[in-house]
Amino acid sequence: MSEPRSEHAAGDGEDAAPPAGPAIPPSDALFTVLDSSASSVVAVTASGTINYVNHSGLDAFGYTLDELLGQPVEVLIPAPHARHHAGLREGYVADARPRAMGSGLELAARRKDGTTFPVEISLTPVPTPEGTWTIAGVVDISARRAAEERVGTMSRAHLALAELNAEILRARTPEDLYTHVCRVIAAASPRVATWVATPDDADGLRVASRVGDIGPIGKGGLDPLHAIPPLLSVLADSFPWFCADIGAEVSGPWADWAGREGITAAVALPVRRISGVAAVLVVQAPNRTLLEEDLVSVLITMAENVSFALDRLDSQAQLQLIDAQRVDLLNRLVAAQEDERARIAADVHDHSIQSLAAIDLRLGLLRTRIAAAAPELTDSVDALQVALSDVTGGLRHLLFELEVPDPGVTLTDQVRDALAYVFLDDSVATSIRVENGANPALGATQADADLPPVTRGHAIRICKEALTNVRRHAQASHVVIAIRPDPDGVEIAVIDDGVGPSGDVATLRSAQGHRGLDGMRDRAQVVGGWCRLERDEGLTTLRYWLPRGTDPSPAG
């Protein structure tokens, strides 16, 4: 083997070329090309000894020429792989041909200081009198890998943003939102840690949610506000905090921990409500790529979307409060109506009907005397008795409408009694059926179709009002009541084939001065149910559903 030299020979009469590596026997012209290459080039003998390195290679690996010449090529290979390299090298020499090294594998090279960088390597065999030498072209692809990683990070970040937006729609509490945003950021960038801090009662901050290791703060023994002072300005002024060097901007236990763990960058973003900053979203990472403009823009958008979601939750809470107040007022109204109904029913039964019954009895006695003394007046007395009977019948129907539902009688039995009473004197055909909500063909028992006593009372009131409306206005020939229980409640449908209402039944309201339809809807809503009017194929249906849940305030 030729002795390594610090420069290769120049032709006669020519200036010597600048030294780069030892002369390799094949051709001085070859070295002129290799010395000017922007890529690193290393020439290795068949035994694995470095015999040439160009200027780019010396710069990339951090060695001087004298430090590399004569060394085994394994000094340029990361330690975990160096021990296996000799066998691979011998295999290549046995079948030497131009090709890429480690096709499909992620290759790395080692610098003098022990750090590594990703590379692509091409191998070219060169025959020499001393055996086959290999010229390795080494390309540092760190910039390309960083760009690929950045593209991947941004792609994951945008996917995470889309996922967060979907999670926001399902969130029911601020804590849900904080958990979701931490989880999706961590999933998009596995090397970062994310946490959300919210104000506590002592003018400090507490960690409301986190994903990843955030050091002593995550152990609950350190106040984030005092451990990381810039968070105070985020909380007070609603301005983001971008930190590219934690060690230079923050001191204390958290900063010391970050330094030991290699955490160098952090971002703190305000999460706002209409009333002010509600939380601080903190993202920390081991490198400054966290602060690249595009990624920060995505993080800012995430914080803004969480802010919008908090406003939505606040609006929902306010609407729920207003709705609860409305339901409470309806409860009070219904309870007052029931009390008044009970009082009127008692008065009608104890006074009016009893008095009318006594009058009817006296008229009967009087008719007997008139028939004997003045027969021509009996027709007038009969007319009075008919009128009195009509008034009494009307009052008895009023009592039917006013009576308090019996808590000891099932829903189905009370509905059946109401149907029979309303159409007792009519030629209307009536029927009632109890269906299985999951499979109507199977049917259901009365117990399945029952409701708690108070809710049952509301169901009976609605049913009576619906049946009375059909009797008075529909001119129906057939009325059916279908009771369909399900696991959460009971649906009741009052169906008739009579003259239905005109216009859009979905938006139909009670006539002025009447509360029939609106009252039925209010009753259903009071107990957490619904009521609607339907018209289809010549049939009109008053359909309502009431839940089996805890009874509201009493209906009677």
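A residue is called buried when its relative accessible area is under 20% and exposed when that area is over 50%, with partly exposed residues in between. With that vocabulary in hand, we can walk through this model, which is a predicted one.

A good place to start is strand S1, which covers residues 40-44 and is mostly covered, since five of its five residues are buried. The side chains leave this strand in two directions: Ser40, Val42 and Val44 point one way, while Val41 and Ala43 point the other way, and all are buried. S1 also has neighbouring strands. With strand S6, residues 131-140, S1 pairs in the antiparallel sense over five bridges, and within this pairing the partner of Val42 is Ala136. With strand S2, residues 50-53, S1 again pairs in the antiparallel sense, here over three bridges, and Ala43 has Tyr52 as its bridge partner. S1 and S2 form a hairpin with five residues between the strands, and in this hairpin Gly48 takes a positive phi near 90°.

Further along the chain we come to the largest nonpolar core, which has 35 residues, and those with the most contacts inside it are Leu467, Val479, Ile481, Leu542 and Tyr544. Several elements each supply at least two residues of this core, among them helix H13 (411-422), strand S13 (478-486) and strand S16 (539-547). The largest share, eight residues, comes from helix H14. To see what such packing looks like from one position, consider Val479: leaving aside residues up to four places away in sequence, Val479 touches Leu419, Phe423, Val428, Ala429, Thr430, Ser431, Leu467, Val470, Val494, Ile495 and Asp496. There is also a second, separate core of 27 residues, which includes Cys182, Val184, Val271 and Met302.

Charged side chains add another kind of contact, and the structure holds 11 salt bridges. One of these joins Asp413 and Arg416, whose closest N and O atoms are 3.1 Å apart. Because these two residues are three residues apart in helix H13, they are separated by about one helical turn. Asp413 counts as partly exposed at 27% relative accessibility, and Arg416 is partly exposed as well, with a relative accessible area of 36%.

A second salt bridge, between Glu491 and Arg543, has its closest N and O atoms 3.0 Å apart. This pair links distant parts of the chain, for Glu491 lies in strand S14 and Arg543 in strand S16, 52 residues apart. Here Glu491 is buried, with a relative accessible area of 16%, and Arg543 counts as buried at 19% relative accessibility. In a further salt bridge, Arg532 meets Glu534, and the closest N and O atoms are 2.8 Å apart. Arg532 counts as partly exposed at 39% relative accessibility, and Glu534 is partly exposed with a relative accessible area of 22%. Salt bridges that share partners join Glu491, Arg532, Glu534 and Arg543 into one network.

Finally, we can turn to the cysteines. A search of the whole structure finds zero disulfides. Two cysteines can be described by their surroundings: Cys243 is buried, with a relative accessible area of 0%, and Cys463 is buried, with a relative accessible area of 1%.

Terms used: Residues are numbered from 1 along each chain as its sequence is written. This is a predicted model: local features need pLDDT of at least 70, side-chain atom pairs count only at pLDDT 80 or more; totals for chains, interfaces and linings use all residues. Side-chain values use heavy atoms; hydrogens and water are left out. A nonpolar core is a set of buried Ala, Val, Leu, Ile, Met, Phe, Trp, Tyr and Cys residues joined through side-chain atoms within 4.5 Å. Buried means under 20% relative accessible area, exposed over 50%, partly exposed in between (1.4 Å probe, protein chains only). Helices (H or I, at least four residues) and strands (E, at least two) are DSSP runs, numbered from the N terminus. Contact means heavy atoms within 4.5 Å. A salt bridge is a side-chain nitrogen of Lys or Arg within 4 Å of a carboxyl oxygen of Asp or Glu. A disulfide is a pair of cysteine sulfur atoms within 2.5 Å. Two strands pair if DSSP finds at least two bridges between them.
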